[in-house]
Amino acid sequence: MSNSWIGSTMRKEVYKRDELICCYCEELCAIGNVSNGASLDHVIPQRELALSTENDREFFKARKNPKNIVVACRACNSSKQHLPLIVWCKNTGKDYDRIIAEIDRRTSKET
């Protein structure tokens, strides 16, 4: 899997901001190719971003917006895939309100 979409500096900043804790299940993630490895998830999936932006330039800017990126364990990121957060929460029984509050808390921090 290529990580070229975000760049290593910004990736590290998001890892630090989120303290390597999955935003969705609150598990501590590890760095590296391990089962509980940290990944980055777009809260608003890239498919939705592509539909809501007018051109490639806007899409690529939105895609790298740290307010739409959170640390997610591989299991949560894999199961969420391209689903809107509210749909994924309903499908998995996750607490949508808690997750939205956590996203807000994290993304209000400086990166």
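Which exposed residues does the face of α3 turned away from its buried side carry? The legends below refer to a predicted model, and the view of α3 gives the reply.

**View 1. Helix α3 and its two sides, residues 56–63.** Phe-59, Ala-62 and Arg-63 are the buried residues of this helix. Down the axis of α3 these buried residues fall within an arc of 100°, so they line one face of the helix. They pack against β1, α2 (46–52) and β2. Arg-57 and Lys-61 are the exposed residues on the face turned away from the buried side.

**View 2. The N-terminal end of α3, capped by Asn-55.** A side-chain oxygen of Asn-55 lies 3.1 Å from the backbone nitrogen of Arg-57.

**View 3. Helix α1, residues 8–17, with its buried residues.** Met-10, Arg-11, Val-14, Tyr-15 and Arg-17 are buried. Seen along the axis of α1, they fall within an arc of 165°, so they line one face of the helix. Their cover includes β1 (38–42), β2 (69–73) and α6 (96–107). Thr-9, Lys-12 and Lys-16 are exposed on the other side of α1. After α1 comes Glu-19, with a positive phi near 55°.

**View 4. The largest nonpolar core, with 24 residues.** Tyr-24, Leu-40 and Leu-85 have the most contacts inside this core. At least two core residues come from each of α1, β1, β2, α5 (85–92) and α6. β2 supplies the largest share, 5 residues.

**View 5. Surroundings of Leu-40.** Neighbours within four places in sequence are left aside; the residues in contact with Leu-40 are then Trp-5, Ile-6, Arg-11, Val-14, Tyr-15, Ile-69, Val-70, Val-71 and Asn-77.

Technical notes:
Residues numbered from 1 in each chain as written. Predicted model: local features only at pLDDT ≥ 70, side-chain atom pairs only at ≥ 80, totals over all residues. Heavy atoms only, no water. Buried < 20%, exposed > 50% of the residue type's maximum accessible area, 1.4 Å probe, protein only. Helix = DSSP H or I, 4+ residues; strand = E, 2+ residues; numbered from the N terminus. Arc of directions from axis to C-beta. Contact = heavy atoms within 4.5 Å. Core = buried A, V, L, I, M, F, W, Y, C linked by side-chain atoms within 4.5 Å. Polar contact = N/O pair within 3.5 Å; in protein donor to acceptor, adjacent residues only side chain to side chain.
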